[in-house]
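Trainee: Could we go through this structure together? I would like to know what stands behind each term.
Mentor: Happily; ask away as we go.

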Amino acid sequence: MSKIIPAIELKNVIKKFKQGSQSLEVLKGINLAVNPGEVVALVGQSGAGKSTLLQISGLLEQPSSGEIFFDGKKCSKLNDVQRTELRRDYVGFVYQYHNLLPDFNALENVMLPQLIAGVSTKLAEEKARWLLSKMKLDKRLRHRPSELSGGEQQRVAIARALANSPKLLLADEPTGNLDPKTSEIVFSELVSLVKDTGLAALIATHNFELAEKMDRKVRLQDGKIVDLQSFSRSQKVQLDMTKNFY
């Protein structure tokens with residue numbers, strides 16, 4: 001059996017920030033791999049460094065030390081142009097706030113990243129229609145963001161993140177701004193699309209119920225990764241109560 005190559009792998013990643021004359025170590029030797037087709041929940045206290053970890057995973061920030069691998073290939077030696085191109089082609093980002101372009105409708109918002117990447121208008125529209133259909137927005141293609149509900153806007157943002165067929169999806173609280181019922185719908189459609197396309201997804205969330213539905217859960221604690229699959233459910237509940245799990 002051939003070995004599975006992770007879509008992304010972080011090895012001993014350390015991130016330090018300068019605070020005056022002192023150095024604050026936020027990430028203390030992160031080791032984490034996410035395989036194709038896998039949806040991994042990233043949980044932890046506010047301020048634990050989840051967003052920093054996602055930024056580094058998406059090549060938006062450089063680690064202080066350590067190595068990041070995309071498809072088994074090192075990223076540390078890439079220059080700025082190479083990092084930008086790899087990020088454009090390999091990674092899709094979804095944030096808590098959708099950041100859709102207000103003057104463009106749903107279809108155009110999903111077409112735009114493809115057009116920037118050099119895809120023809122015809123193919124870009126076909127892909128955008130397919131993605132929005134998968135997100136159950138077939139009848140909202142011509143609506144601008146102001147004419148869409150919060151959940152619909154976020155589903156457009158997810159479709160846009162997948163427009164250039166990335167191999168890795170990084171999501172930072174993608175349902176954090178939605179009510180529970182809408183969160184459930186958006187999350188369900190997100191996971192369905194991830195599974196259909198076979199990409200890898202690392203999703204930071206405070207929503208315990210959504211985290212439980214992912215393939216695997218890891219916790220960022222004291223700058224390090226704890227694999228929660230090794231905990232029993234009762235232990236996780238106790239951890240939640242005693243250490244402000246989320």
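**What stands behind the words**

Mentor: One thing before we begin: this is a predicted model.

Trainee: What makes R144 partly exposed?
Mentor: Buried means under 20% relative accessible area and exposed means over 50%. R144 has 41% relative accessibility, so it counts as partly exposed.

Trainee: Where is R144, and which residues is R144 in contact with, leaving aside its neighbours within four places in sequence?
Mentor: R144 is in the loop between α4 and α5. With those neighbours left aside, R144 is in contact with P102, D103, F104 and N105, where contact means heavy atoms within 4.5 Å. L100 is 44 residues from R144 in sequence, and the two are 9.1 Å apart in space, C-alpha to C-alpha.

Trainee: Then what are D71 and D222 called on the exposure scale?
Mentor: D71 has a relative accessible area of 28%, so it is partly exposed. D222 has 60% relative accessibility, and therefore counts as exposed.

Trainee: What is remarked on in the backbone of these two?
Mentor: Each has a positive phi without being a glycine: about 55° for D71, and near 55° for D222. D71 is found in the loop between β4 and β5, while D222 is in the loop between β9 and β10. L59, just after α1, takes a positive phi of about 65°.

Trainee: What makes β8 mostly covered?
Mentor: Strand β8 covers residues 200-204, and 5 of its 5 residues are buried. A200, L202 and A204 point one way, A201 and I203 point the other way, and all are buried.

Trainee: How do you know that β8 pairs with β3 and β7?
Mentor: Two strands pair if there are at least two bridges between them. There are 4 bridges from β3 to β8 and 5 bridges from β7 to β8, so both meet the cut-off. In each case the strands run parallel. V39 has A201 in β8 as its bridge partner, A41 stands opposite I203, and L168 stands opposite A200.

Trainee: Which sheet do these strands belong to, and what makes a strand an edge strand there?
Mentor: The open sheet has 6 strands in the order β6-β7-β8-β3-β9-β10, with mixed pairing. β6 and β10 are its edge strands, as each pairs on one side only. On average, neighbouring strands in this sheet are turned by 20° against each other, direction ignored.

Trainee: What packs on this sheet?
Mentor: Helix α6 does, touching β3, β7 and β8, and its direction makes about 155° with that of β8. Helix α5 lies across β6 and β7, running at about 165° to β6.

Trainee: Why is the unit of β7, α6 and β8 called right-handed?
Mentor: Picture the strands pointing away from you: if the path from the first strand over the helix to the second runs clockwise, the crossover is right-handed. β7, helix α6 and β8 make a β-α-β unit of that hand.

Trainee: What about the sheet of 4 strands: why do β2 and β5 stand at its edges?
Mentor: The order in this open sheet is β2-β1-β4-β5, and the pairing is antiparallel. β2 and β5 each have a single partner strand, so one side of each is left without a neighbour in the sheet.

Trainee: How many bridges join β1 and β2?
Mentor: They pair in the antiparallel sense over 10 bridges, against a cut-off of at least two. E9 stands opposite A33 in β2.

Trainee: And what makes α1 mostly covered?
Mentor: In helix α1, 6 of its 8 residues are buried: K50, T52, L53, L54, I56 and S57. The helix lies across β1, β2 and β4, at about 120° to β1.

Trainee: Last one: what is the volume of the largest pocket, and which residues are closest to its centre?
Mentor: The volume is about 520 Å³. The lining has 23 residues, and F93, P113, R160, A161 and N164 are the closest to the centre. The elements giving two or more residues to that lining are α2, β6, α3 and α5.

Methods: Residues numbered from 1 in each chain as written. Predicted model: local features only at pLDDT ≥ 70, side-chain atom pairs only at ≥ 80, totals over all residues. Heavy atoms only, no water. Buried < 20%, exposed > 50% of the residue type's maximum accessible area, 1.4 Å probe, protein only. Axes fitted to C-alpha atoms, helices over the stretch in contact; angles between N-to-C directions. 1 Å grid on protein atoms, 1.4 Å probe; cavity = no way out; pocket = protein on both sides within 12 Å on 5 of 7 lines; lining within 4 Å. Points joined across faces, edges and corners; volume = space filled by probe spheres on them.
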